[in-house]
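Colleague: I should like to go through this model with you, from the overall fold down to single side chains. Please reason each reply through before giving the value or name.

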Amino acid sequence: MKKITLIASLLLSINVNANPLLGSWQFIEGKYAVEDGYVTAKAPELSSVKLITDSHFSYITQKNGQFHYAGGGEYILKEQQFIETFSYGNVPSLLGKTMAFDYKVEGNVWHHTLYENGKLIEAETWRRITK
């Protein structure tokens with residue numbers, strides 16, 4: 001009985017520490033700060049797929065069926081934050097930039113938000129791509 005309890009405890013602790021973001025994600029919608037307020041974007045006008053591995057993220061985005069942008073780099077998870085550093089992409093202002101998003105995963109939906117100096121800069125919702 002002690003062996004079963006130990007094995008169950010180990011399995012639960014592994015699951016608790018598992019990265020909930022690993023996998024492929026499809027963009028649902030976003031809200032982005034601009035000079036005079038906010039703009040929003042929704043699928044299917046804006047379509048994007050983000051891939052998350054143990055250490056890297058990458059994404060490619062289309063707008064109205066045309067290539068829009070792509071990028072990626074390394075990330076870490078720390079205290080409910082997804083902290084990404086851009087190493088490559090076609091948006092020069094992002095290269096080398098590190099951004100710390102608050103995140104939560106509810107089932108197969110990932111929400112993340114970025115605040116700078118108390119102001120919402122970006123909020124996105126993604127859905128896990130399943131087979």
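**From surface to side chains**

Colleague: How much area does the protein chain expose, and what share of it do carbon and sulfur atoms supply?
Modeller: The model is a predicted one. The exposed area of the protein chain comes to about 8700 Å². Of this area, the share supplied by carbon and sulfur atoms is 57%.

Colleague: What percentage of the residues in the protein chain is buried?
Modeller: A residue counts as buried when its relative accessible area is under 20%. The protein chain has 131 residues, and the buried part of them is 27%.

Colleague: Which pattern of secondary structure does the protein chain follow along the sequence?
Modeller: The chain contains one helix and nine strands. Read along the sequence, the helix is followed by the strands, and the pattern is α-β-β-β-β-β-β-β-β-β.

Colleague: What share of the contacts with a separation of 6 or more comes from residues 24 or more positions apart?
Modeller: Contacts here are heavy atoms within 4.5 Å. Among those in the protein chain with a separation of 6 or more, residues 24 or more positions apart account for 34%.

Colleague: Which residues have the most contacts inside the largest nonpolar core?
Modeller: In soluble globular proteins, nonpolar side chains tend to be buried together. The largest nonpolar core in this model has 19 residues. At least two of its residues come from each of strands 1, 3, 4, 6, 7 and 8. The residues with the most contacts inside this core are Leu21, Ile52, Phe57, Phe82 and Trp110.

Colleague: Which residues is Phe57 in contact with, leaving aside its neighbours within four places in sequence?
Modeller: Phe57 is one of the residues with the most contacts inside the largest nonpolar core. Strand 4 (56-63) supplies at least two residues of that core. Leaving aside neighbours within four places in sequence, the contacts of Phe57 are Leu51, Ile52, Gly71, Gly72, Gly73, Glu74, Tyr75, Phe82, Glu84, Thr85, Phe86 and Tyr88.

Colleague: Along strand 3, which side chains point to one face and are buried?
Modeller: In a regular strand the side chains alternate between the two faces of the sheet. Strand 3 shows such alternation, with Ser47, Val49 and Leu51 pointing to one face and not buried. The side chains that point to the other face and are buried are Leu46, Ser48, Lys50 and Ile52.

Colleague: How many bridges join strand 3 to strand 4?
Modeller: Strand 3 also pairs with strand 1, in the antiparallel sense and over four bridges, and Trp25 stands opposite Lys50 there. A hairpin through three residues joins strand 3 to strand 4. Ser47 has Gln62 in strand 4 as its bridge partner. Strands 3 and 4 run antiparallel, and the number of bridges that join them is seven.

Colleague: Is Ser48 buried or exposed, and which side chain makes a polar contact with the side chain of Ser48?
Modeller: Ser48 has its place in strand 3. Its relative accessibility is 4%, under the 20% limit, so Ser48 counts as buried. Leaving aside neighbours within four places in sequence, Ser48 is in contact with residues including Trp25, Tyr59 and Trp126. The polar contact, at 2.8 Å, is with the side chain of Thr61.

Colleague: What is the N to O distance in the salt bridge between Glu84 and Lys50?
Modeller: Both Glu84 and Lys50 are buried. The side chains of Glu84 and Lys50 meet in a salt bridge with an N to O distance of 3.8 Å. Glu84 lies in strand 6 and Lys50 in strand 3, so the pair ties together parts whose separation in sequence is 34 residues.

Colleague: How far apart are the closest N and O atoms of Glu29 and Lys42?
Modeller: The structure holds three salt bridges. Glu29 is partly exposed at 34% relative accessibility, and Lys42 is likewise partly exposed at 48%. In the salt bridge between Glu29 and Lys42, the closest N and O atoms are apart by 3.9 Å.

Colleague: At what distance do the side chains of Lys104 and Glu106 meet in a salt bridge?
Modeller: Lys104 is partly exposed, with a relative accessibility of 43%. Glu106 is also partly exposed, with a relative accessible area of 44%. Their side chains meet, N to O, at 3.6 Å.

Key: Residues numbered from 1 in each chain as written. Predicted model: local features only at pLDDT ≥ 70, side-chain atom pairs only at ≥ 80, totals over all residues. Heavy atoms only, no water. Buried < 20%, exposed > 50% of the residue type's maximum accessible area, 1.4 Å probe, protein only. Areas by Shrake-Rupley, 256 points an atom, 1.4 Å probe, with all protein chains shown as cover. Core = buried A, V, L, I, M, F, W, Y, C linked by side-chain atoms within 4.5 Å. Pairing = 2+ DSSP bridges. Salt bridge = Lys/Arg side-chain N within 4 Å of Asp/Glu carboxyl O. Polar contact = N/O pair within 3.5 Å; in protein donor to acceptor, adjacent residues only side chain to side chain.
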